[in-house]
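Here is a short guided tour to read with the model open beside you. We begin with the cysteines, then walk across the sheet and finish with a pair of helices.

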Amino acid sequence: MILFDLDGTLIDSNSIWEDIDSAFLGRRGLLSTEEYAHRMGQSIFPVAAQLTKDYFALDMTPQEIMDEWTHLAGDAYAHVPLKPGAAEFLEQCRLEGRRLALVTACVPGLCRTALSAHGLEQYFDKLVFAQELGLEKRDPLVFHRSAELLGVSPEGCTLYEDAPANCAAAKTAGMRVVGVYDPFYRRYEAEMRRTCDQYITSFTELL
């Protein structure tokens with residue numbers, strides 16, 4: 001079974017969240033830090049909201065933070081571009097008779113908006129949302145649970161993923177992992193190449 005991450009892997013959306021962070025913090029005269037950005041990039045929505053509240057000592061509830069982020073996101077996911085070769089690779093996998101699933105930390109509503117915008121729902125047997133599992137993707141358990149939901153063993157799965165910590169977690173769970181380059185994690189490329197079974201800079205390499 002082939003599993004795909006969404007943000008930064010199939011769609012070029014990591015910059016959206018950089019812009020949202022800048023706008024959200026800028027309204028309060030705050031600036032992001034490298035530590036904060038790295039931790040945010042690996043968090044599910046509720047955890048990220050609590051992290052933001054605690055990190056900047058904000059007088060807001062996590063729900064208020066999430067509501068503002070959702071407002072700032074607007075309809076960006078309806079227009080987010082696909083990563084080069086992503087659609088063609090999904091089609092190639094389907095023609096080969098491969099089973100595909102999505103395992104994502106993306107907010108479910110935003111994920112479905114992006115998939116619908118590009119007509120990608122047809123490719124996936126199942127959408128697994130880390131947020132609904134209550135787990136972060138840097139936790140190997142999220143990949144064990146995903147495999148269980150899909151009725152397969154972790155060893156029978158190959159994951160395509162751009163986030164270094166998530167790649168490491170999937171490897172720990174027993175999955176084969178293909179690292180996918182994204183500019184947001186470019187400084188971790190050497191680490192990704194060591195961790196992953198394969199590393200690609202674009203899906204066009206696989207066509």
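Keep in mind as you read that this is a predicted model.

**The cysteines**

Let's start with Cys 157. Its sulfur lies 13 Å from the closest cysteine sulfur, which belongs to Cys 93, and that is too far for a bond. Cys 157 is also buried, with a relative accessible area of 1%. Across the whole structure, a search finds 0 disulfides. Cys 111 takes part in no disulfide either, and the nearest cysteine sulfur, that of Cys 106, is 5.2 Å away. A disulfide would need the two sulfur atoms within 2.5 Å. Cys 111 is buried too, at a relative accessible area of 0%.

**The sheet as a whole**

How are the strands ordered in the sheet? There are 6 strands in an open sheet, and they follow the order S3-S2-S1-S4-S5-S6 with parallel pairing. Strand S3 (126–129) and strand S6 (198–200) stand at the edges with a single partner strand each, so one side of each has no neighbour in the sheet. From one strand to the next, the twist averages 20°. As general background, strands of a sheet pair through backbone hydrogen bonds, in either a parallel or an antiparallel way.

The table lists the neighbouring pairs.

| Strand pair | Sense | Bridges |
|---|---|---|
| S2 and S3 | parallel | 4 bridges |
| S1 and S2 | parallel | 3 bridges |
| S1 and S4 | parallel | 3 bridges |
| S4 and S5 | parallel | 4 bridges |
| S5 and S6 | parallel | 3 bridges |

**Walking across the strands**

Strand S2 covers residues 100–104, and 5 of its 5 residues are buried. Leu 100, Leu 102 and Thr 104 point one way from S2, while Ala 101 and Val 103 point the other way. Val 103 stands opposite Val 128 in S3. To get from S2 to S3, look for helix H6 (residues 108–118): S2, H6 and S3 make a right-handed β-α-β unit.

Strand S1 (residues 2–4) is a good place to see two pairings at once. Which residue of S2 is the bridge partner of Leu 3? The partner is Ala 101. Leu 3 also stands opposite Leu 159 in S4.

Strand S4 spans residues 158–161, and here Thr 158 and Tyr 160 point one way whereas Leu 159 and Glu 161 point the other way. Are these four side chains buried or exposed? All are buried. Strand S5 (residues 176–180) pairs with S4, and in S5 the bridge partner of Thr 158 is Arg 176. The chain travels from S4 through helix H9 (residues 164–173) to S5, in a β-α-β crossover that is right-handed. Further along the sheet, the bridge partner of Val 178 in S6 is Gln 198.

**A pair of helices**

Now turn to helix H1 (residues 14–26) and helix H4 (residues 62–73). Their axes come within 10 Å and cross at roughly 120°, and H1 and H4 are therefore oblique to each other. The crossing of these two helices, H1 and H4, is right-handed.

One residue to click on here is Ala 73, which lies in helix H4. Ala 73 has 5% relative accessibility and counts as buried, because buried means under 20% relative accessible area. The C-alpha atoms of Ala 73 and Ile 20 are separated by 6.8 Å, although the two residues are 53 residues apart along the chain.

How values were computed:
Residues are numbered from 1 along each chain as its sequence is written. This is a predicted model: local features need pLDDT of at least 70, side-chain atom pairs count only at pLDDT 80 or more; totals for chains, interfaces and linings use all residues. Side-chain values use heavy atoms; hydrogens and water are left out. Buried means under 20% relative accessible area, exposed over 50%, partly exposed in between (1.4 Å probe, protein chains only). Two strands pair if DSSP finds at least two bridges between them. A crossover is right-handed if, with the strands pointing away from the viewer, the path from the first strand over the helix to the second runs clockwise. Axes are lines fitted to C-alpha atoms, for helices over the stretch in contact, and angles run from 0 to 180 degrees between N-to-C directions. Angles under 35 degrees count as roughly parallel, over 145 as roughly antiparallel, 65 to 115 as roughly perpendicular and the rest as oblique. A crossing is left-handed if the near helix is turned anticlockwise from the far one by less than a right angle, and right-handed if clockwise.
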